[in-house]
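Please load the model in a viewer and keep the selection tool at hand. The tour below proceeds stop by stop, stating what to select and what is found there.

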Amino acid sequence: MLVSDNLGVNEKGNLTIGGMDTVELANDFGTPLYVMDEEKIVESCRKFKSSMDKFYNGNGMVCYASKAFCCKEMCRIMAKEGMGLDVVSEGELFTAISAGFPTDKICFHGNNKTDSELTLALSYGVGRIVVDNLEELKRLSELAGKLHKKSNIMLRIKPGIDAHTHSFIMTGQIDSKFGFALETGEAFEAVKLSCESENVTLKGLHCHIGSQIFELEPFCAAAEVMLKFIAKIKNELGFEIDDLDLGGGFGIKYVEDNKPLPYEVYMEKVSERVKSCCDELKVKMPYIIIEPGRSIAAPAGITLYKIGSVKEIPGVRNYVSVDGGMCDNPRYILYQSEYDFEIANKASKAKDYKCTVAGKCCESGDLLGKDIMLQNPQAGDTLAVLATGAYNYSMASNYNRISRPPVVMISGGKARVIVKRESLEDLIKNDV
Ligand code: LLP
């Protein structure tokens, strides 16, 4: 079984994505190559949106977290699908603006936004700026005053929920660099100061408990904590919060063992909890924002490489080296992430060869997978790494001065380049 339902095997025994032959894609566009399937992206957006409609009367917005995969074409697709957009830097914001994305549907995150980032957001009328700390609140308020703008803000709150995921991508606990703590009174202080500020309008509260989470309860528990805080604000300050942003973090299937819940189930259960808490606490039902990133981008993408060598070290390990690595996918070296692999030109064959897939960077830890099973890999074969649509292109680097691969978007049996391959000239263009 292949991990994403947009993948298959054709009559030649080659791996397909969205019905297109991946061996032909690799030949036509070269390797390494990121391939993204537009229909899969659109399907996921629509699933999130329809579950928001069905279980929460459409009283909310699905904001794609662009850090998962950001380029102009992705922003255009999100705009066409009527999605909101979460950006976390000037670069992501500029990309969205350049793609003509409606700025009122943008949420601007970040735990240390610079003055230039805040100025850009204010000048373009970004819908919601998510304030992370008291210094930022003060700076934003001053900048808004200078520019004669009034900004809608949300406050990022740490709900104190420990989600079961890799510690590097866990964010909701008190020991986190993101947001205001509830326990210390800091969050309440930030609410009071926001209400007093003339240049910002407190619209909502935000939380995000982490990423690649499979359980439902941490999401429901976070919603409950946030609603209790909303009730406290109403009771003690007489101020009603409109928006509740519950962040992203929905787990996806990278390998057979991963069992993600359908998005509908998440929305159904969280909506139930929000409704029951609102009744109990006597607060109005907030406008809900969710911010899926990985769950929209990851299953839609694969990466194709050429195998350059197979090195057998008897009694030790077999290394299969490819023409990319940690420079286009740093997730193994960062989180020891697991992936599913296929030899694209032998996809109907049995995986009976144990090996470790290594990249081409000067770094022993530069692996894409350790001790995985493959279909008799040989030099010249095309290797596909599956479900790489999120946090691969967006986290790629030029380590070892390796140029970043292009991104090809497929749709309706056609492929188009949406990000060009970096040239050698691109690599030195800022050198003086
Ligand atoms: N909202 C906020 C405020 C976030 O910080 C994130 C992810 C998301 C939404 C989207 O989360 P998602 O639905 O994609 O899980 N580089 C790591 C993941 C880092 C996630 C950072 N924040 C990885 O490759 O696993």
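Contact here means heavy atoms within 4.5 Å. The model is a predicted one.

**Helix 4 and its surroundings**

With that cut-off in mind, select helix 4, residues 90-98, and colour its buried residues: Glu92, Leu93, Thr95, Ala96 and Ile97. These buried residues pack against helix 3 (72-80), strand 6 (84-87), strand 7 (106-108) and helix 5 (115-123). At the start of helix 4, display serine 89, one of whose side-chain oxygens comes within 3.2 Å of the backbone nitrogen of glycine 91. Then move to glycine 100, just after helix 4, where phi is positive at about 75°.

**The nonpolar cores**

Next, select Ile41, Tyr64, Phe69, Met78, Leu155 and Leu383, the residues with the most contacts inside the largest nonpolar core, which has 130 residues. Helix 8 (residues 217-237) contributes the largest share of this core, 11 residues. At least three residues of this core come from each of domain 1 (7-37 + 299-428) and domain 2 (109-292). Apart from this core lies another, of 6 residues, including Met61, Cys63, Cys107 and Met154.

Centre the view on tyrosine 64. Beyond four places in sequence, the residues that tyrosine 64 touches include Phe69, Met74, Met78, Pro292 and Ile296.

**The two domains**

Colour domain 1 (7-37 + 299-428) and domain 2 (109-292) separately, following the domain assignment. Their C-alpha centres lie 36 Å apart. The contact takes 9 residues from domain 1 and 7 residues from domain 2. About 770 Å² is buried between the two domains, 63% of it from carbon and sulfur atoms. On the domain 1 side, select Tyr335, Glu338 and Ala387, which supply 47% of the area that domain 1 buries against domain 2, more than any other three residues. How many salt bridges are there between domain 1 and domain 2? The count is 0, and the count of residue pairs in polar contact, with both at pLDDT 80 or more, is also 0.

**Asparagine 14**

Select asparagine 14, in the loop between strand 1 (7-9) and strand 2 (15-17). Is asparagine 14 buried or exposed? Its relative accessible area is 9%, so asparagine 14 is buried. The side chain of asparagine 14 makes a polar contact of 3.0 Å with that of aspartate 21. Among the other residues touched by asparagine 14 are Val23, Ala344, Asn345 and Ala347.

**Salt bridges**

The structure has 27 salt bridges. Begin with aspartate 243 and arginine 128, whose closest N and O atoms are 2.7 Å apart. Aspartate 243 belongs to strand 12 (residues 243-245) and arginine 128 to strand 8 (residues 128-131), so this pair ties together parts that are 115 residues apart in sequence. Both ends are buried: aspartate 243 has a relative accessible area of 2%, and arginine 128 one of 10%.

Proceed to lysine 232 and glutamate 236, a salt bridge with closest N and O atoms 3.4 Å apart. Both residues lie in helix 8, 4 residues apart, about one turn of the helix. Lysine 232 is partly exposed, at 33% relative accessible area.

Then select arginine 401 and aspartate 431, which form a salt bridge of 2.9 Å, N to O. Arginine 401 is partly exposed at 46%, and aspartate 431 is partly exposed at 41%.

As a last stop, select Asp5, Lys40, Glu43 and Lys47, which are linked in a network of salt bridges.

Terms used: Residues numbered from 1 in each chain as written. Predicted model: local features only at pLDDT ≥ 70, side-chain atom pairs only at ≥ 80, totals over all residues. Heavy atoms only, no water. Core = buried A, V, L, I, M, F, W, Y, C linked by side-chain atoms within 4.5 Å. Buried < 20%, exposed > 50% of the residue type's maximum accessible area, 1.4 Å probe, protein only. Helix = DSSP H or I, 4+ residues; strand = E, 2+ residues; numbered from the N terminus. Domains from an automatic or database assignment. Buried area = accessible area lost by both parts, 1.4 Å probe. Salt bridge = Lys/Arg side-chain N within 4 Å of Asp/Glu carboxyl O. Polar contact = N/O pair within 3.5 Å; in protein donor to acceptor, adjacent residues only side chain to side chain.
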